[in-house]
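Hello,

Here is the structure I promised to hand over. Please have it open while you read the notes that follow.

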Amino acid sequence: MYGIREILAAVLAFGIGLALLVAPNTVARLQFFAHGPTTGRHGEYGEDRVLTEKQAWIARAIGLIPIGIAGYILAVPLV
């Protein structure tokens with residue numbers, strides 16, 4: 001029987017992974033890795049940095065990791 005913690009962990013991991021798969025640019029704007037080690041203030045006012053195609057595919061690949069973790073949490077029976 002799964003407890004509420006395991007279910008919430010799986011749902012959260014799946015949600016994070018799904019967000020990375022569906023909208024990597026949106027997720028990247030929320031994260032520091034799209035802006036480098038500085039404060040993220042680049043360019044003109046209101047200008048957002050957009051991930052390159054290669055960076056977007058890397059973010060999507062990283063999104064598979066939490067989805068796999070969610071599947072593992074739900075697949076492994078608790079002792």
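**What I found**

Starting at the N terminus, the elements of the protein chain follow the order α-α-α. Please keep in mind that this is a predicted model. The protein chain has 3 helices and 0 strands. Of its 79 residues, 22% are buried. The protein chain exposes about 6200 Å², and carbon and sulfur atoms supply 69% of that area. If you look at contacts between residues at least 6 apart in sequence, 73% of them join residues at least 24 apart.

**Helix α3**

A good place to begin is helix α3, which covers residues 53-75. How far apart are the end C-alpha atoms of α3? They are 33 Å apart, and this agrees with the 33 Å that its 23 residues should span at 1.5 Å a residue.

Several residues of α3 are buried, namely A56, A59, R60, G63, P66 and A70. What do the buried residues of α3 pack against? Their partners are α1 (4-22) and α2. An α-helix has 3.6 residues a turn, so residues three or four places apart point the same way.

W57 also belongs to α3, but it counts as exposed because its relative accessibility is 53% and the cut-off for exposed is over 50%. Between the C-alpha atoms of W57 and P24 there are 8.2 Å, although these two residues are 33 apart along the chain.

**A nonpolar patch**

On the surface you can find a nonpolar patch of about 360 Å², made by I58, I62, I65 and I69. One of these, I62, sits in helix α3. Is I62 buried, exposed or partly exposed? With 45% relative accessibility, I62 counts as partly exposed.

**R60 and its surroundings**

R60 is another residue of helix α3, and I would suggest a look at its side chain. What is the nearest side chain of opposite charge to R60? That side chain is E53, 4.2 Å away. R60 is buried yet has no salt bridge, because a salt bridge needs a side-chain nitrogen of Lys or Arg within 4 Å of a carboxyl oxygen of Asp or Glu. Leaving aside residues up to four places away in sequence, R60 touches L20, L21, P24 and E53.

L21, one of the residues that R60 touches, is found in helix α1. Its relative accessible area is 27%, so L21 is partly exposed. Which residues does L21 touch, not counting residues up to four places away in sequence? They are R60, L64 and I67. L21 and G63 are 42 residues apart along the chain, with 5.6 Å between their C-alpha atoms. G63 is among the buried residues of α3.

**Helix α2**

Helix α2 takes in residues 24-30, and R29 has its place there. R29 is partly exposed, since its relative accessible area is 38%. From R29 to L51 there are 22 residues in sequence and 8.9 Å in space, C-alpha to C-alpha.

**To sum up**

The picture to take away is of 3 helices, with the buried residues of α3 packing against α1 and α2. The nonpolar patch made by I58, I62, I65 and I69 is on the surface, while R60 is buried and has no salt bridge.

Best wishes

Key. Residues are numbered from 1 along each chain as its sequence is written. This is a predicted model: local features need pLDDT of at least 70, side-chain atom pairs count only at pLDDT 80 or more; totals for chains, interfaces and linings use all residues. Side-chain values use heavy atoms; hydrogens and water are left out. Patches are made of residues with over 30% relative accessible area and no salt bridge: like charges are joined within 9 Å, nonpolar side chains (Val, Leu, Ile, Met, Phe, Trp, Tyr) within 5 Å. Accessible areas come from the Shrake-Rupley method with a 1.4 Å probe; for residues, only the protein chains shown count as cover. Helices (H or I, at least four residues) and strands (E, at least two) are DSSP runs, numbered from the N terminus. Buried means under 20% relative accessible area, exposed over 50%, partly exposed in between (1.4 Å probe, protein chains only). Lys and Arg count as positive and Asp and Glu as negative; His and the chain ends are not counted. Contact means heavy atoms within 4.5 Å. The expected span of a helix is 1.5 Å times one less than its number of residues.
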